[in-house]
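Colleague: I should like a close look at a single part of this protein, the surroundings of one core residue. Please then set that part in the context of the whole chain.

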Amino acid sequence: VTPAEAAPAPAAPESPAPPTHPEEPLDPIGLFVARPQDGEVTVGECGNITFTAKVAGESLLKKPSVKWFKGKWMDLGSKVGKHLQLHDSYDRNTKVYTFEMEIIEANMTFAGGYRCEVSTKDKFDSSNFSLTVNGKHSETLILFCRGEGKSESQSDVDVWDILRKAPPTEYEKIAFQYGITDLRGMLKRLKRIKKEEKKSTAFLKKLDPAYQVDKGQKIKLMVEVANPDADVKWLKNGQEIQVSGRYIFEAVGNKRILTINHCSLADDAAYECVVGDEKSFTELFVKEPPILITHPLEDQMVMVGERVEFECEVSEEGATVKWEKDGIELTREETFKYRFKKDGKKQYLIINESTKEDSGHYTVKTNGGVSVAELIVQEKKLEVYQSIADLTVKARDQAVFKCEVSDENVKGIWLKNGKEVIPDERIKISHIGRIHKLTIEDVTPEDEADYSFIPQGFAYNLSAKLQFLEVKIDFVPREEPPKIHLDCLGQSPDTIVVVAGNKLRLDVPVSGDPTPTVIWQKVNKLLFESEGRVRVEMHEDHCVFIIEGAEKEDEGVYRVILKNPVGEDKADITVKVIDVPDPPEAPTISNIGEDYCTVQWQPPKYDGGQPVLGYILERKKKKSYRWMRLNFDLLKELTYEAKRMIEGVVYEMRIYAVNSIGMSRPSPASQPFMPIAPPSEPTHFTVEDVSDSTVSLKWRPPERIGAGGLDGYMVEYCKDGSTEWIPALPGLTERTSALVKDLVTGDKLYFRIKAVNLAGESAAATIKEPVTVQEILQRPKFWLPRHLRQTLVKKVGETINIVIPFQGKPRPKITWLKDGQALDSKDVGIRNSSTDTILFIRKAELHHSGAYEVTLQIENMSDKVPGPPQNIKLVDVWGFNAALEWSPPQDDGNAQILGYTVQKADKKTMEWYTVFDHYRRTNCIVSDLIMGNDYFFRIFSENLCGLSETAATTKNPAHIQKTGTTYKPPCYKEHDFSEAPKFTHPLVNRSVIAGYNTTLSCAVRGIPKPKIFWFKNKMDLSGDAKYRMFSKQGVLTLEIRKPTPFDGGIYTCKAVNECGEAEIECRLDVRGNQMNPMHKPNTARKRD
């Protein structure tokens, strides 16, 4: 590995270049031929150093991508300038790429950890190294706290205080959140702090150990010197600072002030103030402003295999962001799946070929904002909105086959009797949006055939037949009455159906001599030869009725009348126009939850003349313009539960109606709505205090509040034995504590609390046991501070402030005495509270000396001996030992239980002997009992007044068995762990390229370990050297060396043990390197 070599420094002999390390062998796994080494350099003009990384390019098709980082996040590609240069070169002889990072005139802020990352199309490698920068003065502690230096815009967050209190595992997270770029260097300098400073003679007040300021703001560094006339020097990283527009020096009395305007990252350095031979050091930390997300991510819906590109815009160019999928960070090690891209202020996450597993919520995070978007990946599915229909046309007429599919990007081919139709001057093929057309002009008898449309990539075949109508004209004698030659004559009126927007052409064969006059009528309205979209044409042997761009108003019964001198004939034709449905009305939203809602709508007012087949629902964010389709199968019902929404984001919904003609225009958008959920129940709900008429409660906020926020808390109580809950407070409270007043003494009450927000009430947090409304008695007791346990000495004129905490309920009466006499309230101040008492003397005098006595007194508070313990049990007897358990006495005698006295007695003599005295636990083991005897045990409880009058005694004696008794262990049936083989991961069908090794893998489970057999087309592969079989921890692998098309087929894996057998199979297709153009797959299918 090539070392990082320091530049020669003749002016600084105390910092020699680091020694050259011998070259390491080539890395057989990674990409590096030589990795950058740790380096050391001295501050100053000669502080130059170069780090070198070499990458083998013999196996690479193109130049690898290399990035240099400082710390974990800071990309140095955007920091190239005066102090940093990046170089690269390529040696054609050795085929090695060389990448160099040169640091020029290093300063103390350059110290820290660095990383070099190299990546190619299918490989990735990284190397870490560090730089140590030696200064010309001892370092001081880096404390990011506020001192005398005042910034015009100080941050509300003290970064150093947060970092100092946080555990080491949180350092990286805090560094990213608050923009710390040199975390490692900062921690190294922190270890070298001087904990104690010598008292200075030149400085009355030194600089604080560290200051912090936001980037672009102003800060003042101030010291106080002992000599008002003393001259000071200000240094930055050991170099004297000269007066400029950014650096301003001020001298006001004993104060010396350095003002730095418009702070930048270059001002993040060590500063010194020098007075004579003494120095005052500090560190200035320049904090970058938080990175904001100015344009958030947008939801996307794609098909499997399509490219996905998430885009967001941040407030600064080249900013560092984190990408997450469903809460899991997407790291650079996943480069093969995800690609990260930066373009100025825009950040991109790219997935080249999406799969179903890529569906989920994607999050981009900066230290100043978060944006979430949802990706839905759907299987490709094609719907046919309008199929092609059979046609019957006459000679030299036009035939148009038309179909409509759901995807406007799908292409296809037209077939005639199984052969592809080639367009020419007479045959036209068009594709506009979702509509595909085949148009044949001047139809001839040769055009009569079966026509099909096949969408590319889908197993669809839309077929129709073209019939050629040959009109034969027989000789008609003169003076023939007019006649209309229609098949429907004499029957019910024929109905002609036309799709709105299409052209309707009716050819009516007629005869008569002399040539008859043709009259067309619609509901007693005459139609002339040229009347807007409707026109009539008259020919020698037929008349033509044409409607251009049919509309709904064109529906009705049309009558054609023929007249000549010989006679008259007429016929009625019914025309029906069908269309897509009208758009439904705006849907309504109900039952809104955390990430779901219910959408309801009504059918369209007009169904287009065809029944509505279903509905399509779309959703979008309020501030977005991109609508996402929520269903691919048509919805048959008029309600739908939409899921997978993000809580706190405003959405809109709209609906489409679909019939056999097509899809309607979208409905108006629904009212905007926000998915929110009630918060979780409050936590740590407890009773803090109880009096004769009040109960004090406290709790903590819910663990999950949600996007709906928190409006307050509802406190309720219920009497024991009742089911009615009564509000304890008027309305909601925003505090996390409550005092319930005006309660009846002696009542037993249950309390519960609910958190409330826009979505409603949370589950209730309830106190399990009822609370008795009664003052809890507590004996009065002083908690005398340690310094008051001896004589307190004060000087005349000093202030005396004695604070003595105490306990006692109800609130005790407090009395102060001095030498047995009451105190003068004009000379001595007394303040009492429920928890302490204070004696205050503003200016001590000699007559204040003496013995002070304070007394606590609670009325009707009397002590007595406690009752006996409860529930004494003989838990176990073994060997010469017996185990006992009991419960504390029900009556403690208004005093604290100090312990228990345990006694034993032999059943023969019943003489009691003390085993334990002043025993504090409620369980014990009595040892050294005599074999063959029976023992009784009794226990007394004890408080300040003495032992209880009675004792709790065991009902049954403990028998100590004699030796010789043998223990017979129970017999357990051994569990049978055997299991028949079962495949836990299947074989997957694969298609590979000939000449490249391939593997088939699956996983199996079974006890005892099953024996594995591999078959190809039911032929055993055990003896074939072309196949290698592996089995590791239940994972089975079959390796096929350089397969050929002959190796394709059905592969079977069979597992057998004594409990049974199992097998699984898959198909392997082996493709050649080049497709033979003579063997083009025949996608046409002839219609029977």
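Modeller: The model is a predicted one, and I begin with M101. Leaving aside residues up to four places away in sequence, M101 is in contact with I49, T50, F51, W68, L76, L84, Q85, L86, Y114 and F129. M101 belongs to the largest nonpolar core, which has 27 residues; together with W68, I103 and L131, M101 touches the most other members of that core. Four strands each contribute at least two residues to this core: β4 (49-56), β8 (96-103), β9 (112-119) and β10 (124-134). In soluble globular proteins, nonpolar side chains tend to be buried together. A second core, separate from this one, has 22 residues, and I219, L221, I260 and C273 are among them.

Two of the strands that supply the largest core, β9 and β10, also take part in an open sheet of 5 strands. The order in that sheet is β3-β10-β9-β5-β6, and the pairing is mixed. At its edges lie β3 (39-42) and β6 (74-75), each of which pairs on one side only. The pairing of β5 (residues 65-70) with β6 is antiparallel and runs over 2 bridges. In this pairing K70 has M74 of β6 as its bridge partner. Strands of a sheet pair through backbone hydrogen bonds, either parallel or antiparallel. C116 falls within the span 112-119 of β9, and C116 counts as buried because its relative accessibility is 0%, under the 20% limit.

Further along the chain, β40 (residues 504-513) pairs with two strands that may be described together. Strand β38 (residues 480-484) runs antiparallel to β40, with 3 bridges joining them; E480 has D513 of β40 as its bridge partner. Strand β45 (residues 542-547) is likewise antiparallel to β40, and this pairing extends over 6 bridges. Here L504 stands opposite I547 of β45.

A polar site deserves equal attention. E374 is located in strand β28 (residues 369-378). Its relative accessible area is 1%, under the 20% limit, and E374 is therefore buried. The side chain of E374 makes a polar contact of 2.9 Å with the side chain of R619, and another of 2.9 Å with the side chain of R644. Beyond four places in sequence, the residues that E374 touches are D299, Q300, G360, H361, R619, M628 and R644. The two arginines of the polar contacts, R619 and R644, thus appear again in this list of neighbours. C312 is also buried, because its relative accessible area is 0%. The count of disulfides in the model is 0.

Some backbone details complete the local picture. Most residues other than glycine have a negative phi, and most peptide bonds are trans. R396, which is not a glycine, has a positive phi near 65°. R396 is placed in the loop between β30 (391-394) and β31 (399-405). With a relative accessibility of 62%, over the 50% limit, R396 counts as exposed. H918, also a residue other than glycine, has a positive phi of about 55°. H918 belongs to strand β73 (residues 912-919). The relative accessible area of H918 is 48%, between the limits of 20% and 50%, so H918 is classed as partly exposed. The peptide bond between I1007 and P1008 is cis, with omega about -5°. P1008 lies in the loop between β81 (998-1007) and β82 (1011-1016).

As to the whole chain, the secondary structure comprises 3 helices and 87 strands. The protein has 1088 residues, of which 40% count as buried. Among contacts with a separation of 6 or more, 64% are between residues 24 or more positions apart. The contacts of M101 with I49 and T50, and those of E374 with R619 and R644, are individual contacts described above. The accessible surface of the protein is about 62,900 Å², and carbon and sulfur atoms account for 49% of that surface.

Methods. Residues are numbered from 1 along each chain as its sequence is written. This is a predicted model: local features need pLDDT of at least 70, side-chain atom pairs count only at pLDDT 80 or more; totals for chains, interfaces and linings use all residues. Side-chain values use heavy atoms; hydrogens and water are left out. A nonpolar core is a set of buried Ala, Val, Leu, Ile, Met, Phe, Trp, Tyr and Cys residues joined through side-chain atoms within 4.5 Å. Buried means under 20% relative accessible area, exposed over 50%, partly exposed in between (1.4 Å probe, protein chains only). Contact means heavy atoms within 4.5 Å. Two strands pair if DSSP finds at least two bridges between them. Accessible areas come from the Shrake-Rupley method with a 1.4 Å probe; for residues, only the protein chains shown count as cover. A disulfide is a pair of cysteine sulfur atoms within 2.5 Å. A polar contact is a pair of N or O atoms within 3.5 Å; within protein, one must be able to donate a hydrogen and the other to accept it, and residues adjacent in sequence count only if both atoms are side-chain atoms.
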